[in-house]
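Biologist: Could you take me through the salt bridges in this model, one pair at a time? I would like a close look at the partners and at how exposed their side chains are.

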Amino acid sequence: MSATIEIRGLVKHFGPIKAVDGLTFDVSEGEVLGFLGPNGAGKSTTMKMATGFLTPTAGTVRVAGHDVGEDPVAAKSVLGYLPEGAPAYPDMTPLGFLRFIGEIRGLVGGALEQRIAEVVRRVHLEGIMRQPIETLSKGYKRRVGLAQALLHDPKVLIMDEPTDGLDPNQKHEVRSLIHEMGRSKAIVLSTHILEEVEAVCTRAIIITKGRIVFDGKPEELESQAPPSVTKNRLDWVFRKLTGGEKHPEPQLSAVGGRL
Amino acid sequence: MRKVFTILKRELAGYFATPVAYVFIVIFLLLSGFFTFQLGDFYNDGNGQATLSGFFNWHPWLYLFLIPALSMRLWAEERKQGTIELLMTLPITLPQAVLGKFLAAWLFAGVALALTFPMWITVNYLGDPDNGTIAAGFLGSLLMSGGFLAIGSCVSALTKNQVIAFVLSVSICLVFLMTGFTPVIGIFSGWLPAAVIEAIASFSFLTHFDGLAKGLIEARDLVFFASLIGLALYANTLLLELKKAD
Ligand SMILES: Nc1ncnc2c1ncn2[C@@H]1O[C@H](COP(=O)(O)OP(=O)(O)O)[C@@H](O)[C@H]1O
Ligand SMILES: [Mg+2]
């Protein structure tokens, strides 16, 4: 059986910037792939191409057998995507928003309400379903985004920094959820938190400047650090692979051309 | 088609979730009433006939500012909020999204126009107007608002800044009005051949709206507005395809 996500020779240039510079990898059902890299490494750009938002400069993406460039609607139907920052329509309520997404995805009537009830239970949106999204806290907004991505129970789930800006409890909940879903889906999540990879991922890819510098199990990643490094071993490997400075910024700052 | 309808429904609900809808409708009604009664010689069209021509004659100028106010948010807001990324990774095609949003705005403009029906009742109460002519005027006004909206939607796809979208749309729509505005034509008639002037004027909203406002439903006017809407929405789709991310 072929992989659920097949990425071949993916390239994206923004003018002179080579944001993504020839990525090739597969993700199969049951895998939770942690997509790591410093700011500006090309993680979001890769995800935007994989989900059909951006057109690649070169290369192809297939999702569950559908070529994203040739049959985008079919590919998007089997995909769940949480874009960076979990955008949602601020003047809608989570209920209205999820109904909208569900209807677009072809869910109607009882099936739609049942799916909404299911994701609301899973990401804990009870109690805020009739409150405009713009009035929600960052954590709740992120969960509304997750609910949206999970609504149609997609085979393939792509999440751009799903735990960014959540408090430790919320992070823990989202990680448990991802872990639980990992068995039956192909999941890709980008993150800059290395412990997250250990906690939920079955595999890690590290990219820097649009190229893959590591692809393997999280354990293998850690084993690259010499025994002399006793603390923050993952951080050490990450810095070594990505050529970062001695004290890399722990938080994502709003850099890059996304303003 | 079902997906177009889902987009339309969400968009339309969006108008009423904020004061935009109410402000638009109230201003449209107030201004069309004011222009018609104060400036449009409602009571006297010169030959003692009850008509709504004064009312309709103001519509191009009302729409010039009000329709871009309605259309500026269509795509600029999606860009600003980042929801464009969400929308375009849902299983819909670009034309479905463009059409759904445009139809929602057009339906809304249509509702505002329909709410001017007391004018129609008033002229019937005051006199004995030609209701066929008035119906053609409403049709023309609706088509013209669609033309303005399609241009505005296309322009809104260019930027994430609604103010820029507004100013650009007003400017482009102004050109579409001016090329058929008699005083402007007068200026150019001195030094351009009549055929050229006529060709330029044939692209004007005014040229095509005037006939309809006078009650003449002619195919070329209908075709003009329909093709203008089609072309602008096609350009809208292309623009989105070309620059989705920034
Ligand atoms: N729309 C855009 N226009 C120009 N440059 C961009 C655009 N989006 C991203 N970039 C650039 O591409 C590179 C990769 O960005 P991104 O994929 O957002 O990185 P990451 O998600 O790994 O932090 C960065 O150098 C960024 O500035
Ligand atoms: Mg990113």
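**Salt bridges, pair by pair**

Modeller: Happy to! Let's begin with B:Arg73 and B:Glu77, which form a salt bridge whose closest N and O atoms are 3.1 Å apart. Please keep in mind that this is a predicted model. Both partners sit in helix 5 (residues 73-81) of chain B. They are four residues apart there, about one turn of the helix. How exposed are the two? B:Arg73 has a relative accessible area of 9%, and buried means under 20%, so B:Arg73 is buried. B:Glu77, at 22% relative accessibility, counts as partly exposed.

This pair also has company. Salt bridges that share partners join B:Arg73 and B:Glu77 with B:Arg10, B:Glu11, B:Glu78 and B:Lys101 into one network.

Next comes a pair with a longer description in terms of chains. The side chains of A:Glu103 and B:Lys9 meet in a salt bridge, at 2.9 Å from N to O. A:Glu103 belongs to helix 3 (residues 94-104) of chain A, while B:Lys9 belongs to helix 1 (residues 2-17) of chain B, so this salt bridge joins two chains. B:Lys9 counts as partly exposed, with a relative accessibility of 38%.

Back within chain B, there is a salt bridge between B:Glu218 and B:Arg220, and here the closest N and O atoms are 4.0 Å apart. B:Glu218 is partly exposed, at 34% relative accessibility. B:Arg220 has 58% relative accessibility; exposed means over 50%, so B:Arg220 counts as exposed.

To set these pairs in context, the count of salt bridges over all chains comes to 21.

While you have the structure open, ligand 1 deserves a look too. Twelve residues surround ligand 1, and A:Gly40, A:Gly42, A:Lys43, A:Ser44 and A:Thr45 come nearest. By class, this shell has four nonpolar, seven polar and one charged residues. Helix 1 (residues 43-50) of chain A gives the largest share of the shell, three residues.

You can also follow the backbone along the ligand. A polar backbone atom of A:Gly40 is 2.7 Å from an oxygen atom of ligand 1. For A:Ala41, a backbone N or O atom lies 3.2 Å from an oxygen atom of ligand 1, and for A:Gly42 the corresponding distance is 3.0 Å. On its own, ligand 1 has 570 Å² of accessible area, and the protein covers 83% of that.

Definitions and conventions
Residues are numbered from 1 along each chain as its sequence is written. Chains are lettered from A and ligands numbered from 1 in the order in which they are written. This is a predicted model: local features need pLDDT of at least 70, side-chain atom pairs count only at pLDDT 80 or more; totals for chains, interfaces and linings use all residues. Side-chain values use heavy atoms; hydrogens and water are left out. A residue is near a molecule or strand if one of its heavy atoms lies within 4 Å of it. A polar contact is a pair of N or O atoms within 3.5 Å; within protein, one must be able to donate a hydrogen and the other to accept it, and residues adjacent in sequence count only if both atoms are side-chain atoms. Accessible areas come from the Shrake-Rupley method with a 1.4 Å probe; for residues, only the protein chains shown count as cover. Ala, Val, Leu, Ile, Met, Phe, Trp, Tyr, Cys and Pro count as nonpolar, Asp, Glu, Lys and Arg as charged, and the others, Gly among them, as polar. Buried means under 20% relative accessible area, exposed over 50%, partly exposed in between (1.4 Å probe, protein chains only).
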